[in-house]
Amino acid sequence: MAVSVYIVSKAGGMIYQYDHNVVPIEYERTFTYPLDLTLDYVNSRVTVTFGEIDTIKVGHIVLAVNGNPIMGRKMSDGSDVFEVIKNKENFPISIKFGRPRLGTNEKIVLGQIFSRRKAEPHCSGIEVLEADTFKLYCYQTITGTKFIVVADPKQGGCLETYLLKKIYEVCEYFDTNLQAALEQIDKTGMTNV
Amino acid sequence: MTIYNLYIFNAAGSCIYYAEWHRKRQAGMSKDEEMKLMYGLIFSLKSFVLKLSPVDCKEGFLNYRTSKYKLNFYETATGLKFIMNTDINAMNVREILQRIYREVYVEYVVKNPECKMGKEIVSEVFQTKLDKLVRSFPIFSSRIL
């Protein structure tokens, strides 16, 4: 069960973020020539774009080749990953795949995606968002700060609502400090509290 | 319980069909603009969900809920998108959307040679069949709460 907490300011800036119990998804596998997967260079990462084997899924990125971690599309010795996998002499080759994890910048961008659509009058923004792998709960205070919890979809709904209220209470408790910190952040856009 | 409205988008992102039943508040913009905004919302929510998910997604985004309404989303493998706004207590709207796709869209659009794929649906028979099916669901009630 993974739970993440996000606190987003009125202006959409990420004030605080915390991941609880996140298990990284990583798999290593040895391949023979030719490679059964299609790899492509997407968003400055070497990504699987076609072909799923066992636990390796489309969207996973290459983390290491033969135990050498890769940066962008370059290996630590400076050679290009695509050149390496094209060359038959380098096989059998061991490649480590993993699900891409969110960087701080990406988290900040995600914090801003909270828009509204209204079919009925006097409506709030998104309160619960459901996907097949997680549920997202959002609690917006009167002052506009949003408390967001991402949790397992099987979890009971009332627990999250309780958790959200509790987080809000904790923040209220540290009111003076938090207030000053929040104001500072609203002005400067800092992300570490 | 009510069903507010239904949007159908094709894979390219243009709205091929729109229907509304109990919609009390209009968006205050042209239909064209509203469709673009709606598609943009769905598009960004989809990528948002894909990135935020702690494990690999199968279906991805399913629905979201506000204090007043619930937006339900169903995408077919061909990229056709069905979006239905209902009240917040409506359950299993996904099945309804699948039935609309299977029993109305496939039957009266795909199997109709007069309907051009990826173009706006103007077929009257589609319209009546869809309306009949939606009105037959228990969550559809003419009583506005």
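Which residue in β11(A) does A:V128 stand opposite? The partner is A:Y137, and this pair is a good place to start a walk through the model. The model is predicted, so to speak of local features calls for pLDDT of at least 70 and side-chain atom pairs count only at pLDDT 80 or more, while totals for chains, interfaces and linings use all residues. Residues are numbered from 1 along each chain as its sequence is written, chains are lettered from A in the order in which they are written, and side-chain values use heavy atoms, with hydrogens and water left out.

Let us follow the strands of chain A. Strands here are DSSP runs of E with at least two residues, helices are runs of H or I with at least four, and both are numbered from the N terminus. Two strands pair if DSSP finds at least two bridges between them. Strand β10 covers residues 128-131 of chain A, and β11 covers residues 135-140. These two strands pair in the antiparallel sense over three bridges and form a hairpin with three residues between them.

From β11(A) we can step on to β12(A), residues 146-151, which pairs with β11(A) in the antiparallel sense over six bridges. Here A:C138 has A:I148 as its bridge partner. This hairpin has five residues between its strands, and in the turn A:G144 has a positive phi of about 100°. In a regular strand the side chains alternate between the two faces of the sheet.

Now go back to β10(A) and cross to the other chain. β10(A) also pairs with β3(B), in the antiparallel sense and over four bridges. One of the partnerships to look for joins A:A131 to B:F61.

What else lies between the chains? In contact (heavy atoms within 4.5 Å) are 33 residues of chain B and 32 residues of chain A. The buried area, meaning the accessible area (1.4 Å probe) that two parts lose on being put together, summed over both, is about 3,200 Å², and carbon and sulfur atoms give 60% of it.

The interface has one salt bridge by the rule, which asks for a side-chain nitrogen of Lys or Arg within 4 Å of a carboxyl oxygen of Asp or Glu. A:R99 and B:D56 form it, with their closest N and O atoms 3.1 Å apart. On the side of chain B that touches chain A, β1 (3-9), α1 (31-52) and β3 (61-65) each supply at least two residues. The largest share, eleven residues, comes from α1(B).
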